[in-house]
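Open the structure in your viewer and keep the selection tool at hand. This tour goes stop by stop.

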Amino acid sequence: MIRVTVWNENVQDQMGEKEFEFTKHWLANEEARRFVLERTRELREIHPEGIHGTLKRLVEEDEELVVRHVATLDMDECGLTREVLDDTDVLLWWAHVAHEQVPDEIAFRVRDYVWRGMGIIFLHSAHMCKPMQLLLGTSGTLRWREGDFCRVWTSAPAHPIARGIPEYFELETEEMYGEHFDIPTPDDQVFMSWYRGGEVFRSGCTWTRGCGRIFYFQPGHETNRSYYNEYVRRIIRNAVHWAAGTAAKREQIDCIHSVEPIEKR
Ligand code: ZN
């Protein structure tokens with residue numbers, strides 16, 4: 001079994017029901033408040049158990065995958081204690097409005113676990129979260145516009161993450177993310193997206209850092225239904241298999257004294 005932990009910042013999922021210190025300024029303005037509460041209502045309609053609940057269900061459609069932990073920002077240590085990470089082969093990360101609220105210590109911890117061999121999948125607006133910036137060394141900035149038609153092209157059909165995915169598939173409504181996407185050149189460009197507005201985007205990218213495998217995947221805006229698209233679901237499950245597939249694991253990040261040199265013959 002591949003052990004998965006789903007991390008969702010779980011802020012927009014609860015806005016209006018729960019007070020967050022850092023969201024108070026949005027809710028203080030009447031117009032902004034109406035917008036935010038409407039957004040929460042739409043999100044809850046699509047993700048009645050929160051975005052983490054939707055992700056957990058789609059992962060567990062595969063009998064070889066088990067979600068061992070669901071972790072959120074409001075939990076102690078963001079729910080990402082060493083015990084949880086020791087029990088995780090692949091971490092899914094969904095986030096949007098609260099990247100800065102994740103303590104540096106937790107972001108560094110996640111980065112270290114990836115270096116040691118844990119797989120990680122960054123979803124949609126996680127493109128600027130601290131662990132992704134730390135692992136890739138770039139800002140993750142991009143161009144965006146809400147509510148566009150999206151065609152996702154499979155640009156590496158032989159890649160394990162593209163298994164069972166057609167040449168292309170379409171999402172009626174997804175947030176447009178466009179170039180330039182500030183990332184290092186991916187190891188494999190598995191998917192590329194085109195939007196009706198004319199923009200293109202590197203929407204499915206892989207990297208390795210240390211002993212760990214990393215996948216970024218664009219679809220998944222909080223008020224769109226992309227996580228109910230059969231291909232999006234399959235891609236995420238394929239990515240979990242791929243990201244867990246490294247046998248290289250390290251106990252700790254440390255230099256190791258080398259073996260004795262071979263004597264001259
Ligand atoms: Zn979005």
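Each stop below says what to select and what is there. Bear in mind that this is a predicted model.

**Stop 1: the zinc ion**

Select the zinc ion. Which residues coordinate the zinc ion? They are His124 through NE2, Glu175 through OE and His221 through ND1, at 2.0 to 2.1 Å. Along the chain, the donors follow the spacing H-x50-E-x45-H. Now colour His124 and Glu175. His124 sits in the loop between strand S4 (119-123) and helix H6 (130-136), while Glu175 belongs to strand S6 (residues 168-178), so this pair ties together parts that are 51 residues apart in sequence. Switch on a surface for the protein. His124 is buried, at 0% relative accessibility. Glu175 is buried too, with a relative accessible area of 6%.

**Stop 2: three paired strands**

Select residues 143-154, which make up strand S5, and residues 188-195, which make up strand S7. These two strands pair in the antiparallel sense, over five bridges. To find one of the partners, click Arg151: its bridge partner in S7 is Trp194.

Next, add residues 200-209, strand S8. S7 and S8 run antiparallel and are joined by five bridges. Click Gln189 here. Its bridge partner in S8 is Cys205.

Follow the chain through the hairpin of S7 and S8. Four residues lie between the strands. One residue to pick out in this hairpin is Gly198, which takes a positive phi near 100°.

**Stop 3: Ser193**

Stay on strand S7 and select Ser193. Is Ser193 buried or exposed? It counts as buried, because its relative accessibility is 2% and the buried class is anything under 20%. Show side chains. The side chain of Ser193 makes a polar contact with that of Ser203, at 2.8 Å.

Then show the surroundings of Ser193. Setting aside neighbours within four places in sequence, Ser193 is in contact with these residues:

- Cys150, Arg151 and Val152
- Glu199, Val200 and Phe201
- Ser203

**Stop 4: two cysteines**

How many disulfides does a search of the whole structure find? It finds zero. Select Cys150, which is in no disulfide; the nearest cysteine sulfur is that of Cys205, 13 Å away. Cys205 is likewise in no disulfide, and the sulfur of Cys150 is the nearest cysteine sulfur to it. Check the surface at both. Cys150 is buried, with a relative accessible area of 0%. Cys205 also counts as buried, at 0% relative accessibility.

**Stop 5: aromatic rings**

Show the rings of Phe, Tyr and Trp. The count comes to eleven aromatic pairs. Begin with Phe22 and Trp26. Their ring centres are 6.4 Å apart and their planes stand at 70°, so the pair is edge-to-face. Phe22 is buried, with a relative accessible area of 18%. Trp26 is partly exposed, at 26%.

Move on to Trp153 and Tyr168. This aromatic pair is tilted: 4.8 Å centre to centre, with 45° between the planes. It links distant parts of the chain, since Trp153 is in strand S5 and Tyr168 in strand S6, 15 residues apart. Trp153 is partly exposed, with a relative accessible area of 36%. Tyr168 also counts as partly exposed, at 36% relative accessibility.

Finish the rings with a group. Select Tyr177, Phe181, Phe201 and Tyr216 together: they form one aromatic cluster. Phe201 has come up before, among the contacts of Ser193.

**Stop 6: Gly79**

Go to the loop between strand S2 (65-72) and helix H4 (82-86), and select Gly79 there. Gly79 is buried, with a relative accessible area of 8%. Which residues does Gly79 touch, not counting residues up to four places away in sequence? They are Ala71, Thr72 and Val84.

For a last selection, keep Gly79 and add Thr5. The two are 74 residues apart along the chain, and their C-alpha atoms are separated by 9.8 Å.

Conventions: Residues numbered from 1 in each chain as written. Predicted model: local features only at pLDDT ≥ 70, side-chain atom pairs only at ≥ 80, totals over all residues. Heavy atoms only, no water. Pairing = 2+ DSSP bridges. Donors = N, O, S within 2.8 Å, 3.2 Å for Na, K, Ca; no water. Buried < 20%, exposed > 50% of the residue type's maximum accessible area, 1.4 Å probe, protein only. Disulfide = S-S within 2.5 Å. Polar contact = N/O pair within 3.5 Å; in protein donor to acceptor, adjacent residues only side chain to side chain. Contact = heavy atoms within 4.5 Å. Phe/Tyr/Trp six-rings, centres within 6.5 Å; stacked < 30°, edge-to-face > 60°.
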